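Subject: A structure for you to explore

Hi there,

Here is the structure I promised to pass on to you. Have a look around first, and then read my notes below.

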Amino acid sequence: MIETVVLIAIFAISVAILALLYRVIKGPSIPDRVVALDAIGINLIAIVALTSILLKTNAFLVIILLLGILSFIGTVAFSKYLEKGVIFDHDRDN
């Protein structure tokens with residue numbers, strides 16, 4: 001029973017990722033594309049977690065942590081680039 005529910009959830013999340021890919025490619029603005037990329041990262045984390053549940057192993061927990069960190073860093077970098085136009089500031093006045 002639980003395997004069926006997990007498989008249905010993986011399918012639904014995969015469809016959501018395809019819709020988000022469309023938003024990344026055809027997004028009306030750059031912030032919309034950044035939000036779609038962040039959502040894709042979250043959905044990838046969900047798929048890995050559901051696969052871990054399906055296979056009854058905790059070997060994928062490190063991958064989930066790594067995807068979460070990379071998704072967070074990517075979102076912060078894109079947001080900073082959109083706000084200031086650069087990712088790294090070179091002001092050494094502080």
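One definition before we start: a helix here is a DSSP run of at least four residues, and helices are numbered from the N terminus. With that in hand, Ile-30 can be placed in helix H2. Please keep in mind that this is a predicted model.

**Helix H2**

Helix H2 covers residues 30–55. Its 26 residues should span 38 Å at 1.5 Å a residue, and this agrees with the 38 Å between its end C-alpha atoms. Several residues of H2 are buried, including Val-34, Ile-40, Gly-41, Ile-47 and Leu-50. What covers them? Helix H1 (2–26) and helix H3 (61–84) are among the parts that do so.

Asn-43 is a good residue to click on. Is Asn-43 buried or exposed? Its relative accessible area is 16%, and buried means under 20%, so Asn-43 counts as buried. Leaving aside residues up to four places away in sequence, Asn-43 touches Ile-13, Ala-16, Ile-17 and Leu-20.

**Helices H1 and H3**

Two of those contacts of Asn-43, Ile-13 and Ile-17, also turn up among the buried residues of H1. Others on that list are Val-6, Ile-10 and Leu-20. A general point helps when you look at such a list: an α-helix has 3.6 residues a turn, so residues three or four places apart point the same way. The cover over the buried residues of H1 includes H2.

H1 has 25 residues and reaches 36 Å from its first C-alpha to its last, close to the expected 36 Å. For H3, with 24 residues, the reach is 35 Å, close to the 34 Å expected. After H3 comes Gly-85, which has a positive phi near 90°.

**What the record says**

The unreviewed UniProt entry annotates residues 6–22, 34–54 and 60–82 as "transmembrane region". In the model, residues 6–22 are 100% helix and 0% strand, with end C-alpha atoms 25 Å apart. The span 34–54 is likewise 100% helix and 0% strand, and its end C-alpha atoms lie 30 Å apart.

**Lys-56 and its partner**

Just after H2 you will find Lys-56, in the loop between H2 and H3. Most residues other than glycine have a negative phi. Lys-56, though not a glycine, has a positive phi of about 55°. At 69% relative accessibility, Lys-56 counts as exposed.

How many salt bridges does a search of the whole structure find? The search finds 1. Lys-56 forms a salt bridge with Glu-3, and the closest N and O atoms are 4.0 Å apart. Because Lys-56 sits in the loop between H2 and H3 while Glu-3 belongs to helix H1, the pair ties together parts that are 53 residues apart in sequence. In general, side chains of opposite charge can pair when their charged atoms come close. Glu-3 is partly exposed, with a relative accessible area of 32%.

**A patch on the surface**

Finally, go back to Ile-30, which lies in H2. Together with Tyr-81, Leu-82, Ile-87 and Phe-88, Ile-30 makes a nonpolar surface patch of about 520 Å².

Enjoy looking around!

Best wishes

Note on methods
Residues are numbered from 1 along each chain as its sequence is written. This is a predicted model: local features need pLDDT of at least 70, side-chain atom pairs count only at pLDDT 80 or more; totals for chains, interfaces and linings use all residues. Side-chain values use heavy atoms; hydrogens and water are left out. Helices (H or I, at least four residues) and strands (E, at least two) are DSSP runs, numbered from the N terminus. Buried means under 20% relative accessible area, exposed over 50%, partly exposed in between (1.4 Å probe, protein chains only). Contact means heavy atoms within 4.5 Å. UniProt positions are given in the numbering used here, feature names are shortened, and annotations may be inferred rather than shown by experiment. Patches are made of residues with over 30% relative accessible area and no salt bridge: like charges are joined within 9 Å, nonpolar side chains (Val, Leu, Ile, Met, Phe, Trp, Tyr) within 5 Å. Accessible areas come from the Shrake-Rupley method with a 1.4 Å probe; for residues, only the protein chains shown count as cover. A salt bridge is a side-chain nitrogen of Lys or Arg within 4 Å of a carboxyl oxygen of Asp or Glu. The expected span of a helix is 1.5 Å times one less than its number of residues.
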